Each structure stands twice: as structure tokens, then as C-alpha cells.
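Please open the model in the viewer and keep the sequence panel visible. The tour below proceeds selection by selection, with a short account of what is found at each stop.

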Amino acid sequence: MKIMVITGKQAYQKVKNAVKKYDFIDVHKTDISIAAFLTPNMIIDEIKSLEKEKNIRLSEIYDFILVTGLIRHDLKKVEEETGIKCYKSTREASDIPLLIDNLKDITLSTKDYADNQIIKFVKQKSEEEIKKAEEKPIDCSKGNIKIGALKVGDDYPMRVLGEIVHTPWLSDKELEEKIIYYLNSGADMIDLGMVSNEDHSKDLKRIIGIARDITDKPISVDTLNTKELIEAINLGVDMVLSVDAGNIEELIPYLKDGNTVAVVLPTNYKVNYVPETIDDKIKSLEENINKLIENDIKVVGDPILEPINNNGCNFTESVIACKIFKERNNVPMFFGIGNVTELFDVDSNGAHATLTAIGSEIGANILFTPEASSKCKFSIKELKIATKMMFLAKKRNSLPKDVGFDLINYKDKKFDELTTYNNYKDIPIIIAEENERQILDEGSFKIELDRKNKLIVAIYFDRRKNPKYIIKGKTPKEIYETAIRHNLIKKIDHASYLGKELQKAEIALKIGKKYNQDFKLFYNEFWK
């Protein structure tokens with residue numbers, strides 16, 4: 001196989017360095033500075049020029065040509081005119097080796113960059129690797145257990161348990177919607193959180209029934225109310241949170257007769273005992289767990305991951321306790337990530353990745369979180385992706401990098417931004433400023449979000465402020481083109497304003513940010 005890569009002056013050296021290990025690739029530098037400006041006709045001219053220089057058709061030397069950079073045109077014309085296949089390469093020069101190494105599994109295109117093909121291929125291979133691990137027979141001698149039909153333990157990816165808080169206070173429809181949202185986000189198990197200091201044992205049949213009608217994934221009930229725990233066990237729930245020294249004796253007779261798994265704490269909330277040292281945590285937890293194991297009850301140990309800067313046992317000490325507990329006990333371990341992120345004023349994305357990585361290193365098996373606060377929106381989805389990253393990294397004995405999944409959602413892994421303004425010399429520079437006086441259009445728009453249906457909503461008002469139309473769409477382009485088609489925009493500055501607000505609304509919708517028309521999307525001190 002022989003390949004030619006065509007690029008511009010600016011990226012030439014990057015491309016040369018990227019492909020230097022391949023002796024079957026030649027790199028040709030065109031006379032244009034930036035490859036993105038290449039057109040099919042320009043590439044055709046380059047090929048014909050090279051053929052004239054070499055006195056041989058390139059199709060007799062090369063199998064095909066790859067063109068790097070952000071080429072916007074379809075390159076099909078190149079083959080039609082020159083007889084040699086010509087495809088789009090990757091956007092970034094540094095990704096070319098990934099493309100070359102996987103060529104046999106990638107369908108090159110004259111229209112689309114190869115990036116999506118590469119990402120899809122790498123991700124597919126990773127999914128197949130995870131699927132193969134999921135099919136592994138359960139080995140109970142290694143501390144693996146089944147919760148419902150779900151395999152849990154060190155041989156499998158960490159499982160994400162999503163808690164729906166205060167389920168008795170939700171209507172049936174609200175509960176259904178929340179369960180479906182959690183499942184769509186990737187939750188492996190659904191936790192039905194009860195209400196502290198209230199007894200809703202009579203509601204459990206209805207609540208569990210709703211969950212069972214929606215999913216066959218494991219269902220747990222989260223409460224310290226003994227009556228509620230007993231009722232949940234009697235109803236055959238897959239797991240209960242939580243069993244501790246205060247309720248263990250009452251619960252053992254019920255747990256013995258069923259298949260409900262017990263999540264065990266090192267506490268005794270009946271007498272307000274919460275261990276504050278690493279040793280006390282482990283000792284109390286092991287005592288409680290042993291009582292259940294002696295009765296052939298399946299358990300999950302929860303040493304309790306503490307919030308950062310917590311009084312008594314702090315976060316770091318609790319991580320150490322988790323690590324020591326797992327090293328000493330052959331049982332699955334619970335890792336309450338929500339205890340940290342919900343009580344930490346940071347965006348959850350990176351925090352969840354880091355906490356999942358810690359959990360992976362110390363042997364956690366169940367990652368627990370609610371999505372109780374706005375800053376922790378998408379927690380379950382973030383954790384699910386992080387569990388895949390860490391499972392693959394651990395299995396491959398590699399860093400959690402380039403494994404097919406990532407949580408780089410708000411920045412860029414590679415930053416290769418195109419700028420050309422410095423190339424234009426002796427051209428007047430106009431300093432931008434707002435107009436002091438604005439002349440209003442005939443009508444106006446109120447922009448809102450329909451988050452449930454993932455739509456942007458534009459309400460059109462006439463000059464007397466009477467609502468006339470509601471336009472709904474998935475993208476700003478759909479909405480502003482519809483507004484133009486219906487002749488709702490007369491002034492160019494109004495069109496510019498509408499485009500700006502619609503773009504803000506789309507970003508807010510995608511990242512879970514609050515949107516208020518006419519106000520900045522990113523408004524805190526960090527962005528000044």
C-alpha cells in the first residue's frame with residue numbers, strides 16, 4: 001500500500017511528524033498556507049502538476065490520497081478528473097496514525113472527515129470488550145454476587161445506582177418520568193429514596209410496582225425506617241439501604257427468607273453512633289457484615305464515603321477506610337459518590353471522573369448518587385461513562401486515556417484553532433462598539449426552553465405585545481429560518497440579536513445551564 005497526504009504549508013511539519021513511522025506514506029505540501037482553503041479544483045491542479053513533474057500518473061504510484069484539515073467540499077470530483085481516489089483525512093494531524101492503524105475497519109469518505117469513523121470504531125471495540133466481560137460467568141468465590149439479575153463484583157464494571165429522592169412525595173407520573181430519565185442516563189440500578197422521619201411503608205407496594213412495570217433492572221429501597229425496610233423485603237425488592245447495628249437483629253429473620261441484598265453500614269443510628277476513625281469504621285462494619293453472612297445473607301459493605309472537610313472522619317480518611325475494608329473483605333463495596341459531589345460547589349463532570357477513578361483503584365463496585373442539585377445534573381450519565389473508562393483502563397493496564405470513552409464535555413482534548421487575521425496586512429481595523437440608539441422591529445421574541453422535549457421555544461409578539469406565534473425547534477437555525485420565512489423579522493440588527501439569543505438558549509439546553517434572555521450565560525467571577 002502507498003498513500004499520499006496532501007496538506008498546506010502551516011500544517012506540513014505536523015503532518016510529517018505524525019506519519020514519520022510509516023514508510024508507505026508521502027506528504028505533499030501545497031502552495032496554500034492553510035489546508036482548509038483547498039478546493040477540489042486546487043487539489044486537481046496539484047495532482048496534475050505532480051504528474052507532469054514525475055512523468056507518471058499518481059494512480060500508478062498511490063492507492064489513494066488523503067487531504068488533511070477542515071476541507072468543506074466534496075472531493076469526489078478529484079477522482080473523476082484524475083483517476084485517483086481522494087478522501088478526507090482527520091481534522092487533526094495528530095489523529096492520522098489512528099486512522100492509518102485502523103484503515104481496514106474504516107470506510108473513507110469524500111464528504112465526511114474520518115474522525116467520526118475512528119471514534120465510532122474505537123468506541124465499538126471498547127463496547128465489545130465490556131460486553132464480553134459482562135458475559136463472564138459469576139464466580140462467587142471472588143466476592144461477586146447477583147443483585148436481581150445484575151452481576152456485581154470485581155470481575156465486572158462498577159455499577160451506577162441512581163437514587164430518586166423522596167419518592168413518596170412524587171406523583172405516579174413524576175416517579176415514572178424520573179425512573180425513565182435515570183435509565184436513559186445509564187443507571188444500572190434504581191434506588192427509591194424514602195423520607196426521613198416519616199413512615200411510608202403503606203406506599204411501598206405502589207412505588208415498587210411502578211418501578212417494576214418500567215424496568216427489570218434491580219430496584220433498591222433507601223431508608224433507615226425498620227417498618228419500611230421490612231415491607232420492602234417482603235415485597236421482594238432486590239436490595240435495601242441500609243442495615244446497621246440499630247436494625248440488624250430485627251431485619252435478619254426477613255432477609256433470611258428472601259433474596260434481598262443488604263447494604264451494610266458501620267453505624268448504629270438507633271443510638272446515634274457514627275464511627276469517626278478509620279479503625280472504628282472498619283471494625284463496626286465488619287461486625288455488622290459478619291452477623292448477616294453467618295445467616296447466609298448477601299451483603300454489600302458501605303464504609304461510608306464522607307464529604308470533603310467533614311467533621312470527624314474526613315474524606316481522605318474515609319477513602320483509606322474503604323481501601324482497607326476491601327483488602328480485608330471479599331464482598332462488594334458501596335461507594336457513595338453523591339455524598340461528596342452534592343456537598344461540593346464544583347461542576348460535577350470532572351469530580352465524578354476523579355471519584356470514579358479513586359473508586360476503581362480501591363475496589364468499589366457500586367457507585368451511588370442522586371441528582372438532587374442543579375450543579376449535579378447529568379450525574380448518572382457522567383458516572384456511567386466514567387465506569388466504562390475505568391473498567392477498560394484497569395483491564396488493559398493503561399491510563400484512562402484514549403479508551404473509547406471520555407468526559408471532556410466542556411473543553412477540547414486538542415486545541416488547534418484556525419486564525420488568519422494576522423495574515424492580512426495594511427487592512428483597516430474597525431473597533432467594535434454598540435449603537436447608542438436602537439430602533440425596534442415590528443415584533444419581538446421571547447425565548448424559552450422546553451427542557452422535557454429538548455426544544456428551544458420562540459414566542460412572537462406583535463408591537464402591541466400580543467402573542468401571535470410560538471415557534472419550536474431543536475436548533476437556532478430551524479427557528480430563525482422559520483421566522484424569516486414567515487416574515488417575522490424586518491431589521492438586520494433584530495435578526496442578529498435573535499441569532500445570538502437562540503445560540504445561548506441551545507448551549508444552555510445542552511449543558512443544563514439556566515437560560516434567561518438578555519442575561520449572560522456565564523456570569524460568575526471565573527469568567528471575568
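**First stop: strands β1, β2 and β3**

Begin by selecting β1 together with strand β3 (residues 64-67): four bridges join the two, and the pairing is parallel. The model on display is a predicted one. Within this pair, select Ile6; its bridge partner in β3 is Val67.

Next, add strand β2 (residues 25-29), which pairs with β1 through five bridges, again in the parallel sense. Keep Ile6 selected, since the residue opposite Ile6 in β2 is His28. Ile6 of β1 can thus be viewed with Val67 of β3 and with His28 of β2.

Now display β1 alone, residues 3-7. How many of its five residues are buried? Five of the five are buried, and the strand is mostly covered. To examine the two faces, colour Ile3, Val5 and Thr7 for one side, and Met4 and Ile6 for the other; the residues of both sides are all buried.

**Second stop: the eight-stranded sheet**

Select the strands β12, β11, β10, β9, β8, β7, β14 and β13, given here in their order across an open sheet of eight strands with parallel pairing. The edges of this sheet are β12 (299-301) and β13 (334-335), each of which pairs on one side only. Strands of a sheet pair through backbone hydrogen bonds, so a display of the backbone is suitable for this stop.

At the β12 edge, select strand β11 (residues 261-264), which runs parallel to β12 and is joined to β12 by three bridges. Here Val263 is placed opposite Val300 of β12.

Move next to strand β7 (residues 159-164) and β8, a parallel pair with four bridges. Select Gly162 and Ile190 to see two residues that stand opposite each other, the latter in β8.

Stay with strand β8 (residues 189-193) and inspect its surroundings. Are its residues buried or exposed? Five of the five residues of β8 are buried, and the strand is mostly covered. One side carries Met189, Asp191 and Gly193, the other Ile190 and Leu192, and both faces are covered.

**Third stop: helices α6 and α7**

Select helix α6 (residues 172-185) and helix α7 (residues 204-214), whose axes come within 10 Å and cross at roughly 45°. The two helices are therefore oblique to each other. The crossing of α6 with α7 is right-handed.

Show the side chains that form the contact: Asp172, Leu175, Glu176, Ile179, Ile180 and Leu183 from α6, with Arg206, Ile207, Ile210, Ala211 and Ile214 from α7. Coloured by class, this contact of α6 with α7 contains eight nonpolar residues, no polar residues and three charged residues.

**Fourth stop: helices α10 and α11**

Finally, select helix α10 (residues 278-293) and helix α11 (residues 315-328). Their axes cross at roughly 40° and come within 9 Å. For this reason α10 is oblique to α11. As α10 passes α11, the crossing is right-handed.

Which residues of α10 meet α11? They are Ile278, Lys281, Ile282, Leu285, Glu286 and Ile289, and their counterparts in α11 are Glu317, Ser318, Ile320, Ala321, Ile324, Phe325 and Arg328. By class, the contact of α10 with α11 comprises eight nonpolar residues, one polar residue and four charged residues.

Key:
Residues numbered from 1 in each chain as written. Predicted model: local features only at pLDDT ≥ 70, side-chain atom pairs only at ≥ 80, totals over all residues. Heavy atoms only, no water. Axes fitted to C-alpha atoms, helices over the stretch in contact; angles between N-to-C directions. Parallel < 35°, antiparallel > 145°, perpendicular 65-115°, else oblique. Left-handed = near helix turned anticlockwise from the far one by under 90°. Contact = heavy atoms within 4.5 Å. Nonpolar A, V, L, I, M, F, W, Y, C, P; charged D, E, K, R; others polar. Pairing = 2+ DSSP bridges. Buried < 20%, exposed > 50% of the residue type's maximum accessible area, 1.4 Å probe, protein only.
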